[in-house]
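Reader: I've got a model open in front of me and I'd like to know what stands behind the labels people put on it. Can we go through a few of them?

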Amino acid sequence: MSSSPQAADPLPYYEQVRPETGCLPPRSWYARTDAVRLALSGGWRFRLAACADAHDAAFAAPDYDSDGWDTVTVPGHWVLQGHGAPAYTNTPYLIPLDPPRVPDENPTGDHLHAFELPADWPAQGESVLRFEGVESCARVWLNGTELGEFKGSRLPHEFAVGALLRPGRNVLAVRVHQWSAGTYLEDQDQWWLPGIFREVALWHRPDGTGADHFVHASYDHLTGEGTLRVESTVPGRVRVPELGVDVATDEPVTLPVAPWSAESPRLYEAELALPGERIALRVGFRTVTVQDGLLKANGRRILFRGVNRHEFHPRTGRAVDAETMRADLLLMKRHNVNAVRTSHYPPHPAFLELCDELGLWVIDECDLETHGFHAVGWRGNPVTEERWTPALLDRAARMVERDKNHPSVIVWSLGNECGTGAGLTAMASWIRERDPSRPLHYEGDPSCADTDMYSRMYAPHAEVEQIGRGEDDGPPRRAQLPFILCEYGHAMGNGPGGLAEYQRLFEKYERCQGGFVWEWIDHGFAHERHGFAYGGDFGETVHDGNFCCDGLVLPDRTPSPGLTDFKKVVEPVRIEGGDAANSARITNRYDFGDLSHLTFSWSYAADGEVLAEGTLDVPPLEPGESAELKLPPAPVGREVGEETHWTLRATLTEDTSWARRGHEVAWGQFTGTARPAARPVSGARPRRSDPAEGHDSNEGQGRQGGQLTLGPAVFDARTGSLRSLGAVPVEGLQLAVWRAPTDNDNGAPWLPDTELAKRWRALGLHRMQHRVDSVTVSDHAVIVDGRSAPAATDLGLATQLRWTADGDWITVAVTVTPQGDWKLPLPRLGLSLALPGGFGAARWFGGGPGEAYPDTRGGVRLGRWDSTVDAMQTPYVRPQENGARPDVRWAELSNGTRTVRIEGEPGFWFTARRWDTAHLDAARHLTDLTPSDRVYVNLDHGQHGIGSASCGPGVLPEHSLVVGPTEFSFTFGVLGARGGRG
């Protein structure tokens, strides 16, 4: 016997697929108006419940007693203010995949804010309560009356509240749920951070004001004229005083104008005058098209030198203030970034206003990603199910309507990593109908059915070249579209490598229009114990570790060496040595502007010392043009045999909105006279001594057996190991092949072939064992033959260290001969040693001032550099190999009394730090690194490249440290405090 089934109860609002109830239609954002506005930011009363239904709605009553509640700051996230903890995942959802349902355990924050309505608040017209961003679902009451609820965390929502406002005290109540149906649309490779994280404000909407307006400002590059037309839901006037424009809304006007571009962000101050309100506009005239298979702005192909940008602050999360936004953009502009993809949601609207002002191309991305469904074969993916389409369309509309008046926004993006489905097609159709003036982007559909460009992530260089040649085998439509890398150059830890090779392809193939490095900033939270915290540091059981730390700037916005490299790689002026002697070639790589805004200067240096400098007259040069220019005669009178080089710099002639006069935009360096051959070594004779003789240069070190003295060096007679240079103790000089793996060495777990460090460890390169086979003393040399090898394999490296002396200098010639069938490259190859900790001042002639590796060396230049050992470290959030200076001719380490000088043949990689490689390898946070009483020095003949394999291609063959027979040498000497031998 069975009973009839009862109808299921409706889902609670936070689990319903509908995007909102009670909200006003979306409209454009603007900040400058004569209408009254009341900011509601500040301290709000707060309580947290573990479940969505732990409290009823009675708290929304105006007289609700919130005594005993805590206080949080709005905008803000409660998990960063002592209530719960953040959690980081890349793709996994933190809830079961059962859309649209969420678990009972659903952290829910009740927010109360009492505010005084100003006595002069206008009585006429409407008032609107506006939320700029709440994660992930909010239910709202005002003075005890429910207004509605909404989802769509990074999008604005408004309620009409004029009838509910009261003179004097008003009470706003907001219940925020961490998990909701909207969560399934917001799996965006970031920290999960619930809360009211953008501003809340009360806006007065006077009678006769427009609910919305749309600024159309196109530019005809053939005539030099712009056409302005402003749609408005209420008729009014459009005035542009500088252009003498005063026309009715919806009436077009065409006239000569200066166009807007990222290079020259020309804005015209304008006003939309309505019967009840005056709205300030900033009009930028520009036209964006896809024409002849190219993305063009104002009739010209553009090249994206871009970055992806999540909103992030190391203390406040996605609550980012305007000063930080501006600081980010100034830093971008000063490092030649010209484009931003707003991954993976629309940013704070003020950010786009700053992009308008300072000049950046923007791909504005919808608040949409469902990447976690990939784990179940995309079953249940919302973009494939019709019931979700209204929510998808709502998100598209709220983005487009909010941001449509920004000239910087030149492309709409449907979202990120959602697979494919009819929901995306519906979004594309709606956007195209609403705003046909901007092309569409979406990377996740290789058919490009709903997009106007072919977009890829992390395509290897070879694939990019294949696409550039038109040899990709995609559908016919795709072959006719411009190509961009919406993500490339994964900037996780040390790296990314290979940017220069990508840039050469972008400049070689017209269809390849650049890309966006992933990403701008490391998402590491300031943490008392860890310095900066990443996934797993807050007790999460599901997390993706430090994969959130993959930016070109560190969490505190210190530029990483990767950003310095990027600036050089994408610089808009190419400066090279010319074909003729004493000449330089200058090429304009801008898309629009000539070079008249730049001042060019030169300097000439011998062995790193600048001998002369001056300015260089460079013709303006239009985009794409080059000129070969004669340089001044090289200074004479120095010693024959010095290495010389020219350095040319292009700097701003005048102040701009983003940098001061003298800011360096581009530079180039090339050889005058090549480095001379190595200095010959004469034949000083080794001398044996016994401890009983009293000869002791080891300052208290224990001695075993006899000693060998050769020039300034003392060796252990039995092992041949170097014990001192003059009066300076030396420890542990031996062959070194291991480096603390970089994030890119570790690779990506979902791409096992990229996990190079795992294979290095499996081979045992991190625990090499060393053997001395013989110590031979000849008339003029000490020769140490040996072998370095990992356990459990027959692979090895036979070594010979041949020491010879020349007065106060001693040289070691190193020969390395591989044994066995090596399949893997080495992490590094060179010598390591340790000096006393007092040798903390560094000076060198070589690449600097910052670190570089074989495929990240664009940002360093040849010169003489001074630093401290401590300052030579790059504080990556997860410690790893860092700090190498390339192409070093000589390096000095000083303790203020003595200086150890090292010269290399050929040039070498110089690294010095206060912990050894094993300690660096074991550290998981910067706070794990405790300085020792030693300075550990690596003198590397070779370093393996960096690549981008943490989420992309590995090291290119030309930057791989392939095992093979190798020879190199180093010369050591001890000098006075100032050092210096050239």
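Author: Sure, and keep in mind that this is a predicted model. Let's begin with an open sheet of four strands, which run in the order E20-E19-E22-E23 with antiparallel pairing.

Reader: What makes E20 and E23 the edges of that sheet?

Author: Count the partners. Strand E20 (245-248) and strand E23 (277-283) each have a single partner strand, so one side of each has no neighbour in the sheet. As for twist, neighbouring strands here are turned by 20° against each other on average, ignoring direction.

Reader: How do you know that E19 and E20 really pair?

Author: Pairing takes at least two bridges between the strands. Strand E19 (residues 237-240) and E20 have four bridges, in the antiparallel sense, so they count as paired. You can look at one spot yourself: Arg-237 stands opposite Ala-248 in E20.

Reader: On to the helices. What describes the way H3 and H4 meet?

Author: In general, two packed helices are described by the angle between their axes and the distance between the axes. For helix H3 (residues 389-403) and helix H4 (residues 422-434), the axes come within 9 Å and cross at roughly 35°. The crossing is right-handed.

Reader: Which residues make that contact?

Author: On the H3 side they include Leu-392, Leu-393, Ala-396 and Val-400, and on the H4 side Ala-426, Met-427, Trp-430 and Ile-431 are among them. The residues of this contact divide into ten nonpolar, two polar and two charged.

Reader: Why is Arg-402 called buried?

Author: The cut-off for buried is under 20% relative accessible area. Arg-402 has 1%, so it is buried. Its place is in helix H3.

Reader: And what makes the link between Arg-402 and Pro-347 a polar contact?

Author: Distance is one part of the test: the two N or O atoms have to be within 3.5 Å. A polar atom of the Arg-402 side chain lies 2.6 Å from the backbone oxygen of Pro-347.

Reader: Does Pro-712 count as buried or exposed?

Author: Buried, because its relative accessibility is 15% and the limit is under 20%. Pro-712 is in the loop between strand E46 (707-710) and strand E47 (713-716).

Reader: Which residues does Pro-712 touch?

Author: Leaving out residues up to four places away in sequence, Pro-712 touches Ser-724, Leu-725, Gly-726, Gly-807, Asp-808, Trp-809 and Ile-810. From Trp-430, Pro-712 is 282 residues apart in sequence and 79 Å apart in space, C-alpha to C-alpha.

How values were computed
Residues are numbered from 1 along each chain as its sequence is written. This is a predicted model: local features need pLDDT of at least 70, side-chain atom pairs count only at pLDDT 80 or more; totals for chains, interfaces and linings use all residues. Side-chain values use heavy atoms; hydrogens and water are left out. Axes are lines fitted to C-alpha atoms, for helices over the stretch in contact, and angles run from 0 to 180 degrees between N-to-C directions. Helices (H or I, at least four residues) and strands (E, at least two) are DSSP runs, numbered from the N terminus. A crossing is left-handed if the near helix is turned anticlockwise from the far one by less than a right angle, and right-handed if clockwise. Contact means heavy atoms within 4.5 Å. Ala, Val, Leu, Ile, Met, Phe, Trp, Tyr, Cys and Pro count as nonpolar, Asp, Glu, Lys and Arg as charged, and the others, Gly among them, as polar. Buried means under 20% relative accessible area, exposed over 50%, partly exposed in between (1.4 Å probe, protein chains only). A polar contact is a pair of N or O atoms within 3.5 Å; within protein, one must be able to donate a hydrogen and the other to accept it, and residues adjacent in sequence count only if both atoms are side-chain atoms.
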